[in-house]
Amino acid sequence: MTEPVLSLRGISKRYGPLQVLKNVDLDVYPGEVVALLGENGAGKSTLSGIIAGSRAPSDGTMTWLGQPYAPAAPRDAIDKGVVLIHQELQLLPHLSIAENVFIGRWPMKNGMIDRAQMVHRAQEQLARLNLHIPATRKVAGLSTANQQLIEIAKALALKARLLILDEPTAALGGAETEALFEQVRKLRSQGVGIIYISHRMEEIRKITDRIVVLRDGERVHEFADSSTPVRTIVESMVGRSLDRMFPALPEPSSRAVLQVSGLSSPDGSFRDVTFEVHAGEIFGIAGLVGAGRTELVRAISGADPISAGSIRLEGMELKLRAPSDAIAKGIVMVPEDRKDQGLVVGHRISENIVYANLDKLGGRWITAGMKRVFAEKAVAKFGVKGRAEQYASDLSGGNQQKVVIAKWLMREPKVVVLDEPTRGIDVGARAGIYDIIVNLAKQGVAVIVVSSDLEEVLGVSNRILVLAQGRQAGILTRGEANDVSVMELATI
Amino acid sequence: MVAIDIHEQSRPSTTWRSKLTGATGPLVGLLALCIFLTISTDTFLSLRNGLNILDQITVLGIMAVGMTFVILIGGIDLSVGSVLALAMMVMGWTANIAGLPIGVGIVFALIASGLSGLIVGLMVTMFRVPAFIATLAMMSAVRGVANMITDGQQIVGFPDWFTMLAIDRHFGVLTATVFLMLAVVAVAWLFLHFRSEGRMLYAIGGNPEVARLAGIKVQLVTVLVYVASGVLAGLAGIVLAARLDSVQPSSGLGYELDTIAAVVIGGTSLSGGAGGIGGTLIGVLIIGVLRNGLNLVNVSPFLQQVIIGIVIVLAVGAETIRKRRVA
Amino acid sequence: MVAIDIHEQSRPSTTWRSKLTGATGPLVGLLALCIFLTISTDTFLSLRNGLNILDQITVLGIMAVGMTFVILIGGIDLSVGSVLALAMMVMGWTANIAGLPIGVGIVFALIASGLSGLIVGLMVTMFRVPAFIATLAMMSAVRGVANMITDGQQIVGFPDWFTMLAIDRHFGVLTATVFLMLAVVAVAWLFLHFRSEGRMLYAIGGNPEVARLAGIKVQLVTVLVYVASGVLAGLAGIVLAARLDSVQPSSGLGYELDTIAAVVIGGTSLSGGAGGIGGTLIGVLIIGVLRNGLNLVNVSPFLQQVIIGIVIVLAVGAETIRKRRVA
Amino acid sequence: KEVKKIGLAVANLQANFFNQIKQSVEDEAKKRGIQVVTVDAKGDGPTQVNQIQDLLTQSIDALIYIPAGAAAASVPVKLAKSAGVPVVNVDRNADGAPGDTFLATDSVASAKAVCDYILKQAGGKGKMVIIHGQKGTTPEVDRSKGCGESLKANPGVKVVAEQYSNIWAQDEGFQIMQNMLQANPDVTIVFAQADALALGAAQAIKVANPQQKIVLGGFDGDTAALEALSKGVFDVTATQQTQKMGREAVANAVKLASGDKVPPVQLLDATLTTKDNVAGFIANHP
Ligand SMILES: Nc1ncnc2c1ncn2[C@@H]1O[C@H](COP(=O)(O)OP(=O)(O)OP(=O)(O)O)[C@@H](O)[C@H]1O
Ligand SMILES: Nc1ncnc2c1ncn2[C@@H]1O[C@H](COP(=O)(O)OP(=O)(O)OP(=O)(O)O)[C@@H](O)[C@H]1O
Ligand SMILES: [Mg+2]
Ligand SMILES: [Mg+2]
């Protein structure tokens with residue numbers, strides 16, 4: 001084989017007493033896709049950051065095309081051709097898509113930015129990902145999926161020799177993922193080295209050539225062949241065997257808890273939606289990206305206004321003017337975007353958990369001890385890898401997601417809405433979350449799960465509502481639902 | 001690389017210190033300042049001077065509490081100086097021109113200042129005018145109204161019991177006004193730390209959308225915070241009236257910057273969501289001790305301005321240096 | 001997927017209006033103000049008054065350009081008023097006391113103000129002092145230094161050619177100082193729109209971490225922005241010196257709030273990353289026209305303060321109402 | 001008692017008038033071997049109360065007090081009295097609690113003299129504008145009163161506009177005058193209640209370059225203004241005796257401290273200053 005583009009030797013990273021990476025070696029060769037796998041908090045993003053120059057390693061050396069490599073800032077890495085797509089979106093909402101795509105490297109003519117050229121080239125990049133939004137539009141207000149695609153276009157616009165993708169598909173649906181893979185394959189054939197990070201096992205097998213597994217910051221395994229059975233890979237990741245993903249679903253009662261009828265949004269992102277969810281039922285909502293699933297559940301939880309229709313809880317019609325109204329009635333929502341809607345990232349985990357439970361903490365005087373005890377209970381119950389007093393920003397992406405879920409489920413609600421609940425969560429923990437969901441149902445809670453991961457909706461739902469372009473395309477029972485029937489409804 | 005590490009350095013874990021969130025540097029600065037002044041003058045370290053300093057910071061201290069609330073939710077209030085003047089004039093007019101009891105004047109003054117806060121709150125929440133603009137506009141308009149009450153004239157002379165509130169040192173130590181300030185600070189501290197409404201301010205400042213989705217009534221709380229800031233500025237005006245035994249519509253000019261400075265020096269972040277009353281108290285004390293101390297060491301007024309600038313930076317910069325050492 | 005496209009295209013795309021990002025409301029406000037003044041006075045709408053207004057806004061206009069840069073990157077500069085005074089005193093001292101040519105004085109003045117900006121920039125980047133504190137400290141310290149140069153005295157009388165810069169109306173219209181302001185505004189506009197360094201300011205203000213990850217030298221750009229703000233404040237000081245034919249260390253007191261207000265009224269967001277020079281120009285004009293107009297209609301000074309407050313809110317609130325209508 | 005240390009509380013050092021008094025007090029005290037502790041309230045009354053507390057903490061033997069903002073005036077005097085420190089009030093006095101003595105310029109009479117002069121220069125008729133100081137302050141009220149007396153005696157003069165300054169600053173004077181000329185281009189007489197305002201107004205007149213001659217009067221006798229007056233930038237001012245005021249303040253402080261009696265009010269007159277007699281004042285400020 002040829003010389004590796006990048007070699008890591010003995011890379012370690014400490015945060016104070018916490019050792020996040022231990023002695024990691026890694027080689028990436030041109031024209032190959034290396035999968036980097038590991039549980040939440042295993043150190044994948046940290047390692048990517050080190051390679052891309054945004055964090056400094058505590059120890060170890062890196063070699064770039066045979067030369068010593070120690071980027072002092074992201075700029076140094078970009079100049080060499082190391083491009084990282086971050087796990088969290090890194091976009092500037094007030095600027096246009098085109099400016100975001102070429103951020104810091106805008107096309108120039110005579111010392112001035114060539115705006116026409118910039119827009120034109122950005123539009124080309126978007127087209128490669130099947131995205132046909134005008135590149136002159138501002139980023140603010142775009143859906144998460146589209147923002148993720150722009151983030152990818154941003155990376156593709158740079159001339160990469162090593163491309164790192166940190167969970168690029170966590171917010172994407174099947175079609176977008178396919179468009180991305182096409183680009184990845186093209187780059188691979190051009191000899192670009194690629195590191196691919198994901199928690200979606202089927203993707204790993206589809207696109208990667210080699211698999212490296214991290215556990216607790218150590219490199220524990222390498223599979224030279226991506227056709228290794230998922231079971232084996234997962235075992236080496238989690239360190240134990242995982243017998244099943246989806247637990248058996250309980251039988252829902254016949255008592256309808258939530259009844260939605262003729263619901264429409266003022267901006268038409270969903271229209272005339274009618275369904276009911278029973279106690280102990282898990283109700284899935286599926287659809288393509290942009291189908292209006294998020295808007296629908298936001299309306300149900302009082303976050304957005306509605307223009308027509310009604311929402312009834314246990315027979316009582318609700319007038320929801322703000323999320324507080326819904327919460328008071330026992331409807332809670334785990335939002336789609338943890339960074340902007342789920343967490344105050346600059347605050348401690350305990351604070352974040354308390355924010356959603358201020359009224360639950362016995363009376364209205366809250367001592368530090370009460371907060372800590374409450375938060376520690378939540379952290380333990382939902383398997384967050386972190387201490388209650390840590391800042392949310394210091395957690396890995398998946399663990400942040402667990403905090404968001406914990407924060408809401410501590411309320412013991414009647415209706416739980418989960419929008420993309422396992423976004424960025426590792427396989428092991430995902431099984432844990434499914435257990436939590438099923439347990440909720442067993443206690444008689446009505447659960448709504450929105451997910452772009454078809455396997456997930458199919459696996460945990462008693463019934464599935466399919467939305468297509470904001471219309472209700474149909475409701476499938478567990479018996480009727482499968483890949484084909486859902487996709488058929490979603491695309492009509 | 002250094003820069004990066006600063007960015008990532010692990011934050012100190014919870015200890016008693018974290019109650020002062022970000023204010024350890026300023027606290028060190030305050031102590032250093034006090035030690036320096038004790039050594040270089042023979043008048044600084046005395047009970048009498050200590051009590052003087054407390055007297056001198058009452059007005060700033062009370063206003064800074066309201067400003068801490070406002071800044072914690074990510075807002076700003078430039079109108080406090082004008083509202084202080086309005087409250088003074090309303091009270092003075094009610095007591096000395098309309099001839100009602102001064103107690104009624106105080107109530108009217110607090111209502112007027114609360115109303116001004118309410119208008120700000122509604123502009124910010126209902127009409128989405130940025131807080132900076134809304135309070136800047138109020139700063140101008142309220143000053144105009146304060147002036148119009150007496151056509152720019154001062155009002156002098158209140159009942160003795162009223163002015164004695166700022167003079168009489170009960171038990172030989174605290175005047176009623178100083179006691180009032182300490183009570184306001186203590187209540188605010190308890191409120192922020194132990195009341196769920198207090199924690200709401202942090203949540204809103206941290207991220208208003210997250211707070212809204214968490215079921216917090218962001219708009220209501222925001223309005224109430226501006227009302228609180230207005231009422232506290234009005235209260236400060238009444239204290240000032242007692243202290244000066246007179247009211248004039250030009251009072252409190254430029255106090256908004258002093259007040260914001262005290263809060264920010266105390267480690268409360270202007271972007272909201274971080275900080276607290278403990279820090280604000282330290283910030284107020286730094287400003288108070290600095291002004292008092294520089295008068296005592298007899299520095300020329302122009303040089304004083306330079307020194308004040310340097311000390312403020314050092315007090316706040318100490319925080320950075322401390323963090324570097326920890327990292 | 002088609003659905004997405006239709007849906008997202010339906011939002012207004014970039015038009016000429018978006019060049020004024022967020023300033024349409026203020027623009028409407030400005031026009032309404034001008035129409036009102038034209039109807040209610042017979043002196044407002046005349047070439048001469050128009051030129052007067054331009055004369056009157058030169059100093060504010062030049063400073064507001066620097067402030068726009070600073071606020072765009074999410075910072076703030078409270079020191080501009082003091083730096084303006086420093087530049088005036090340095091120039092006055094060099095020319096009238098040290099007896100050097102006034103050109104040398106101007107160069108020294110710009111160096112001094114640039115240095116002051118440099119110190120702010122280093123405090124903000126190297127020592128991570130919040131911009132509010134760093135510039136507040138400079139505001140005090142620089143004012144002290146400006147005073148110390150002549151022990152608080154003013155200096156009067158410059159060469160005729162120098163003061164003529166602010167008086168002589170070339171081609172019967174523009175004075176050199178007004179021309180200078182217009183040039184500064186135009187260059188800044190081009191810079192912000194078409195130079196990649198200009199766009200970097202937006203990136204940094206939008207999110208400094210995103211900018212850093214994109215390879216932008218955030219710290220360097222930040223320092224340069226504060227230097228630019230300092231130099232522009234110094235330049236404004238020189239214009240003011242020509243205009244007044246004298247310099248005094250108390251010049252520019254309170255200008256920082258005026259300048260920030262002009263920028264924010266013009267739609268630049270205090271949290272950074274959005275806004276621009278077009279809006280700032282409108283903000284400066286609103287303040288200029290308002291002051292000029294209220295004097296022309298001969299309103300009492302107290303009522304003026306109230307009206308100024310109301311107009312500012314309306315000008316900015318118009319933006320909200322416009323948005324509501326669109327939505 | 002021998003005087004070793006005097007406290008000097010200045011209203012606002014940014015105003016030339018106060019700055020001159022400060023310099024004179026410091027010079028005089030130096031001559032007598034007395035230490036002066038100076039504090040500057042920057043125009044804010046409450047700040048001044050704090051500063052006087054701090055001065056008293058340092059056991060000063062006498063206080064020279066220039067009140068900032070008339071309203072706060074009484075409290076510092078009460079504080080000093082209760083500490084047994086004699087007070088010399090300069091420029092402003094408080095009704096309720098006057099200082100042991102009060103040194104000031106007779107503003108009403110001097111303002112009348114200035115206005116008499118400019119009205120006479122204009123031939124006793126014409127349109128006049130007045131640029132007031134900060135509305136409601138003692139100097140503004142007194143100077144308006146003095147000028148009003150002069151106007152009563154000259155019915156041929158019509159006041160067509162009056163505007164108020166906020167901080168007595170030169171650029172305010174400029175702006176106000178520019179706008180006044182815009183509204184009333186045929187003005188021939190201007191009274192600006194302070195020299196800084198007058199200098200600003202003079203510059204605005206120069207810029208507007210009107211056809212008629214405009215007579216412009218100021219007040220105070222600031223050093224820079226006298227300089228300008230000698231160059232014909234404006235026509236007349238009333239020069240307050242700042243140097244003498246400073247010297248007298250120290251002398252009175254010493255007398256009071258040693259228990260001597262001094263008159264409760266000592267008014268100095270401001271000298272009407274024109275191009276003809278300005279040279280003497282520049283060489284040797286009174
Ligand atoms: N700034 C920081 N300070 C302290 N600890 C940190 C910091 N950043 C990351 N960590 C810790 O480092 C560990 C590795 O985090 P990293 O983000 O690399 O995980 P990951 O493998 O990408 O996980 P995920 O799959 O959830 O994204 C986590 O335990 C996290 O809490
Ligand atoms: N925060 C937002 N502000 C304004 N419009 C939004 C926002 N989020 C989404 N939209 C718009 O609403 C439409 C539907 O939203 P979205 O794409 O989130 O639906 P979805 O079915 O939940 O898909 P997904 O959640 O997979 O992105 C999109 O066209 C999108 O542009
Ligand atoms: Mg990660
Ligand atoms: Mg969604």
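Student: How far is an oxygen atom of ligand 1 from an N or O atom in the side chain of S45(A)?
Tutor: Heads-up: this is a predicted model, where local features need pLDDT of at least 70 and side-chain atom pairs count only at pLDDT 80 or more, while totals for chains, interfaces and linings use all residues. Residues are numbered from 1 along each chain as its sequence is written, chains are lettered from A and ligands numbered from 1 in the order in which they are written, and side-chain values use heavy atoms, with hydrogens and water left out. A polar contact with the ligand is a pair of N or O atoms within 3.5 Å. For S45(A) and ligand 1, the distance is 2.7 Å.

Student: And how much of ligand 1 does the protein bury?
Tutor: Start with ligand 1 taken alone, which exposes 640 Å². Accessible areas here come from the Shrake-Rupley method with a 1.4 Å probe. Of that exposed area, the protein buries 91%.

Student: Which residue has a polar backbone atom 3.2 Å from an oxygen atom of ligand 1?
Tutor: Don't mix it up with N40(A), where an N or O atom of the side chain is 2.8 Å from a ligand 1 oxygen. The backbone partner at 3.2 Å is A42(A).

Student: Where does ligand 1 sit, and which residues come nearest?
Tutor: Ligand 1 lies between chains A and B. A residue is near the ligand if one of its heavy atoms lies within 4 Å of it. Of the 21 residues around ligand 1, the nearest are K44(A), S45(A), T46(A), D394(A) and G398(A).

Student: Which helix gives the largest share of the shell around ligand 1?
Tutor: Strand 2 (18-28), helix 1 (44-51) and helix 14 (397-409) of chain A each supply at least two shell residues. Those elements are DSSP runs numbered from the N terminus: helices are H or I with at least four residues, strands are E with at least two. The largest share is 3 residues, and it comes from helix 1 of chain A.

Student: How many charged residues are in that shell?
Tutor: Asp, Glu, Lys and Arg count as charged; Ala, Val, Leu, Ile, Met, Phe, Trp, Tyr, Cys and Pro as nonpolar; and the others, Gly among them, as polar. The shell around ligand 1 has 5 nonpolar and 10 polar residues, and its charged residues number 6.

Student: Which atoms of the protein hold the magnesium ion called ligand 3?
Tutor: Donors are N, O and S atoms within 2.8 Å of the metal (3.2 Å for Na, K and Ca), and the site may look incomplete because water is not among the atoms. Lying 1.9 to 2.1 Å from the ion, the protein donors are S45(A) (OG) and Q87(A) (OE1).

Student: Why does that pair tie together separate parts of the chain?
Tutor: S45(A) belongs to helix 1 of chain A, whereas Q87(A) is in the loop between strand 6 (82-85) and helix 3 (97-101), so the parts tied together are 42 residues apart in sequence.
As for cover, buried means under 20% relative accessible area, exposed over 50%, and partly exposed in between (1.4 Å probe, protein chains only). Q87(A) is buried at 15%, while S45(A), at 23%, is partly exposed.

Student: What about the other magnesium ion, ligand 4: which residues coordinate it?
Tutor: One partner is in helix 9 (residues 293-300) of chain A, and the other is in the loop between strand 18 (331-334) and helix 11 (338-342). Both of these residues are buried. At 1.8 to 2.4 Å, the coordinating residues are T294(A) (OG1) and E336(A) (OE).

Student: Is E420(A) buried or exposed?
Tutor: E420(A) is in the loop between strand 19 (415-419) and helix 15 (427-442) of chain A. Phi there is near 50°, a positive value in a residue other than glycine. With a relative accessible area of 6%, E420(A) is buried.

Student: And N209(D), buried or exposed?
Tutor: N209(D) also has a positive phi, about 50°, although it is not a glycine. Its place is in the loop between helix 7 (195-208) and strand 9 (215-217) of chain D. Because its relative accessible area is 61%, N209(D) is exposed.

Student: How far apart are the C-alpha atoms of F283(A) and I475(A)?
Tutor: F283(A) lies in strand 15 (residues 282-287) of chain A, and at 0% relative accessibility it counts as buried. The two residues are 192 residues apart along the chain, and their C-alpha atoms are separated by 9.8 Å.

Methods. Polar contact = N/O pair within 3.5 Å; in protein donor to acceptor, adjacent residues only side chain to side chain.
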